[in-house]
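Biologist: I am new to this structure and would like to learn how to read its features one at a time. Could we begin with what the word "buried" is taken to mean?

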Amino acid sequence: MESNKTLGEFIIENQQEFKYSSGELSRLFNSIKLAAKVVSHKVNKAGLIDIVGGAGGKNIQGEDQQKLDVYANDIFIETLINRQIVCGITSEENDSFISVQGSDNSNTNKYILLMDPLDGSSNIDVNVSVGTIFSVYRRISKVGTPVILEDFLQPGINQVAAGYVIYGTSTMLVYTTGHGVNGFTLNPAIGTFYLSHPKIKFPEKSKIYSVNDGNYTHFPEGIKDFIRYCRQEEGDRPYASRYIGSLVSDMHRNMLKGGIYLYPNTKSNNGKLRLLYECNPMAFITEQAGGKASDGNSRIMEIEPQSLHQRVAFYSGSIKMVEKVEEFIAKYKLHKV
Ligand code: P6P
């Protein structure tokens, strides 16, 4: 049975939750909603039109850009700029940040948006769900002046909104403004998002762990202990191992069914996921749904960012499981001489 509440109606009903806004939340989400519909339409036709495969370029991370990465990036940026909603944007696909000037070359908008326009895009060619992740802050520099790097290097606790779009068996938009997590499903026949998952909360029981087991030998010892713990026949274990290789899909499933997503650091790197436009927004949603998000030592949303594309270790999901990871990691810290 279709819920009769649309995303637009829900936002208006909850407008007062978005601090400092004079209707800017509605305009911001209307823009995200429109871009999501356009990208969804393209993703769903990917196999039929020349929009799959590599775009030929590499992003700042040195990763091959997929055609749909570039397409999604352009659509979200264009939509946000044309509607003059934000004063600054940064993305996984952009080396730096974009200062959005108003028509009179000033810009009195107060919000900045950081995004991963199409996370997991390497899965598109094999018809696996992908997603857009976005994070919204209030600028800290003077309104009316061009944004500066510090506007983007805020800790996750300063987020005023965060969300993701998952382009899967259906297209869903899931977001929080700090007052819980709500999910909206697109009815493609009429192009409207309907409230389908109100007040999402991690279930009490959590029995899923999501990690790329292929990197096991490079994991910190505490993470190896945790994975062995998940595999043990004891109590409610072994847990189920589920890994799609698409952050939004893995975390969406774990939030609904109960579980933990792990992308550990290794001796040679600080992990793969980016703090600003992947970990912080997913951490905000996780915490608002009653979960926990950590880098193994500290709360993801309290990490002070040092650079736009900074990577961190990321353990996020049911509180019980994240605390178990931290317990195993702490054991080795204690033994360090
Ligand atoms: P690996 C996709 O590239 C991504 O950023 C996440 O969506 C996903 O969870 C992870 O990387 C997969 O990385 O190294 O396991 O293939």
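Modeller: A residue is called buried when its relative accessible area is under 20%. This is a predicted model, and in it Glu-278 counts as buried because its relative accessibility is 1%.

Biologist: Where is Glu-278 placed, and how should I read the surroundings of that element?

Modeller: Glu-278 lies in helix 7, which covers residues 275-288 and has 13 of its 14 residues buried, so the helix is largely enclosed by the rest of the structure. After helix 7 comes Gly-290, with a positive phi near 90°.

Biologist: Which residues does Glu-278 contact beyond its neighbours within four places in sequence?

Modeller: Setting those neighbours aside, Glu-278 is in contact with Glu-92, Asp-116, Asp-119, Ile-133, Leu-247, Lys-272 and Leu-273. Its side chain also reaches the backbone nitrogen of Arg-274, at 2.6 Å.

Biologist: Which residues does UniProt list for "binding site"?

Modeller: The unreviewed UniProt entry lists Asp-116, Asp-119 and Glu-278 under that feature. They are spread over 163 residues of sequence, yet they cluster in space, with a largest C-alpha distance of 8.6 Å.

Biologist: Is Asp-119 buried or exposed, and where is it found?

Modeller: Asp-119 is buried, with a relative accessible area of 8%, and it belongs to strand 5, residues 111-119. Among the residues that Asp-119 touches, not counting those up to four places away in sequence, are Val-130, Ser-246 and Glu-278.

Biologist: How does one read a residue in a loop?

Modeller: Phe-18 sits in the loop between helix 1 (7-13) and helix 2 (24-44), and it is buried at 3% relative accessible area. The C-alpha atoms of Phe-18 and Thr-177 are 6.4 Å apart, although 159 residues separate them along the chain.

How values were computed:
Residues are numbered from 1 along each chain as its sequence is written. This is a predicted model: local features need pLDDT of at least 70, side-chain atom pairs count only at pLDDT 80 or more; totals for chains, interfaces and linings use all residues. Side-chain values use heavy atoms; hydrogens and water are left out. Helices (H or I, at least four residues) and strands (E, at least two) are DSSP runs, numbered from the N terminus. Buried means under 20% relative accessible area, exposed over 50%, partly exposed in between (1.4 Å probe, protein chains only). UniProt positions are given in the numbering used here, feature names are shortened, and annotations may be inferred rather than shown by experiment. Contact means heavy atoms within 4.5 Å. A polar contact is a pair of N or O atoms within 3.5 Å; within protein, one must be able to donate a hydrogen and the other to accept it, and residues adjacent in sequence count only if both atoms are side-chain atoms.
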